[in-house]
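Got the viewer open? Let's take a short walk through this one, one selection at a time.

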Amino acid sequence: MIKSDEYLSPTEKARFEAGRKKFLTAVALVAALCVILSVISHFMLLDDYSWIVLPALFAAIINVIVRSWSYKCPRCKKAPAAKRISFGEEVSYSSAIALMPKQCSHCGVHFKDFNEKS
Ligand SMILES: [Zn+2]
């Protein structure tokens, strides 16, 4: 038997999805920047443009960190982790954040609202 409090309310779900989308967009932006830069570096010397390349990359990475703050479980306010981390949480922080979590690893709430049957 499924209890309704094991699922997010539509409001919580919307907030969670909004935070997740912003976080994923920020991650995708960094990935896209890295791909673009590696492609461009085959055609031209990026050293001459490091004054714009480095701040852009830096800003994109800062963006990921800022977005990850708003990306958390609406129920227990903890970042959804791919698995429980029992050591050096700060070190493995970024790699441990689950991008497509089904369930909160902290409080066990399911990241879909009660009406979703899938
Ligand atoms: Zn939680």
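Which residues in H1 are buried? Select Phe16, Arg20, Phe23 and Ala26: these are the buried residues of H1. Keep in mind as you click around that this is a predicted model.

Now show what surrounds them. The buried residues of H1 pack against strand S1 (7–8), H2 and strand S2 (110–113).

Next, color the whole of H1, residues 10–40. This helix has 31 residues, and from its first C-alpha to its last it reaches 44 Å, close to the 45 Å expected at 1.5 Å a residue.

Add H2, residues 50–70, and look at how the pair sits: the axes of H1 and H2 come within 8 Å and cross at roughly 160 degrees. Angles over 145 degrees count as roughly antiparallel, so that is what H1 and H2 are to each other. Turn the view a little and you can check the handedness: H1 passes H2 in a left-handed crossing.

Time to select the contact itself. On the H1 side, pick Gly19, Lys22, Phe23, Ala26, Val27, Leu29, Val30, Leu33 and Leu37. They meet a set in H2 made up of Val53, Ala56, Leu57, Ala60, Ile61, Asn63, Val64, Arg67, Ser68 and Ser70. Color by class and this contact shows 13 nonpolar, 4 polar and 2 charged residues.

Finally, zoom out to the whole protein. You should find 3 helices and 2 strands, running β-α-α-α-β from the N terminus on. Of its 118 residues, 12% count as buried. Among contacts between residues at least 6 apart in sequence, 67% join residues at least 24 apart.

Terms used
Residues numbered from 1 in each chain as written. Predicted model: local features only at pLDDT ≥ 70, side-chain atom pairs only at ≥ 80, totals over all residues. Axes fitted to C-alpha atoms, helices over the stretch in contact; angles between N-to-C directions. Helix = DSSP H or I, 4+ residues; strand = E, 2+ residues; numbered from the N terminus. Parallel < 35°, antiparallel > 145°, perpendicular 65-115°, else oblique. Left-handed = near helix turned anticlockwise from the far one by under 90°. Contact = placed C-beta atoms within 7 Å. Nonpolar A, V, L, I, M, F, W, Y, C, P; charged D, E, K, R; others polar. Expected span 1.5 Å × (residues − 1). Buried ≥ 20, exposed ≤ 12 C-beta atoms within 10 Å, placed from the backbone.
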